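Hello,

Here is the structure I promised to pass on. Please have a look at it first, and then read my notes below.

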Amino acid sequence: MTSPQRKNSFEDADFELVISEIEEMDEEIETISATARGKISGVKTRQKNRITIAKQELGIPTDVLKAVLKQRKLERQLAKISAGVPDDMVELYADAAGQFSFLKPDDEHPQDNAAQIAARQRQAEIDEVAEQEQKEGAEALDELASGQVH
């Protein structure tokens, strides 16, 4: 008596073994991931504690510290991007990156990096809003002083 012809060319036992091995690997990955998540949580707690200490004991503003940390992370990412440019294209990349950069150095501050340029632009925006608010406030006071307000 012969077994019925299968449409596949592999044995069921072999297929079952492969499935079982891969599922065991999935379980191993989950165990490793859970352990890593626990370790990451501990490191993040230490980071938060360090930020709190920096603010309380050293007087470093939290928002400034976090902004500088983000900036440094971005700078490392940019360096990694630059490292991926072929050697014979580096000069072209540097020119294009400067030409099409959102934050280009200006003639007054050519030595500034992108973060300094962004901060200077943000300060100019804040100054403009403050100036407008002061102007509106002065106008309101003038109206009050002249008795024109009803």
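Let me begin with how a surface patch is built: its residues have over 30% relative accessible area and no salt bridge, with like charges joined within 9 Å and nonpolar side chains (Val, Leu, Ile, Met, Phe, Trp, Tyr) within 5 Å. Accessible areas come from the Shrake-Rupley method with a 1.4 Å probe, and for residues only the protein chains shown count as cover. Lys and Arg are taken as positive, Asp and Glu as negative, while His and the chain ends are not counted. Each charge is placed at NZ of Lys, CZ of Arg, CG of Asp or CD of Glu.

Please keep in mind that this is a predicted model, in which local features need pLDDT of at least 70 and side-chain atom pairs count only at pLDDT 80 or more, while totals for chains, interfaces and linings use all residues. Residues are numbered from 1 along each chain as its sequence is written, and side-chain values use heavy atoms, with hydrogens and water left out.

Now to the positive patch. Lys44, Lys48, Lys66, Lys70, Arg72, Lys73 and Arg76 form it. Helices here are DSSP runs (H or I, at least four residues), numbered from the N terminus. Both α1 (12-58) and α2 (62-83) supply at least two residues of the patch, but α2 gives the most, with five. Lys73 is one of the patch residues and sits in helix α2.

Next, the salt bridges (a side-chain nitrogen of Lys or Arg within 4 Å of a carboxyl oxygen of Asp or Glu). The structure has two of them. In one, Arg37 pairs with Glu30, their closest N and O atoms 2.8 Å apart. Arg37 is partly exposed at 47% relative accessible area, and so is Glu30 at 44% (buried is under 20%, exposed over 50%, partly exposed in between, with a 1.4 Å probe and protein chains only). The other joins Glu125 and Arg122, with 3.7 Å between the closest N and O atoms. Both lie in helix α4 (residues 114-146), three residues apart, about one turn of the helix. Glu125 is partly exposed at 46%, as is Arg122 at 48%.

Finally, which aromatic rings pair up? A search of the whole structure finds one aromatic pair (ring centres of Phe, Tyr or Trp, the last by its six-membered ring, within 6.5 Å). Phe10 and Phe15 form this pair, with 5.2 Å centre to centre and 20° between the planes. The pair is stacked, because planes under 30 degrees apart count as stacked, over 60 as edge-to-face and the rest as tilted. Phe10 is partly exposed at 38% relative accessibility, and Phe15 likewise at 47%.

Best wishes
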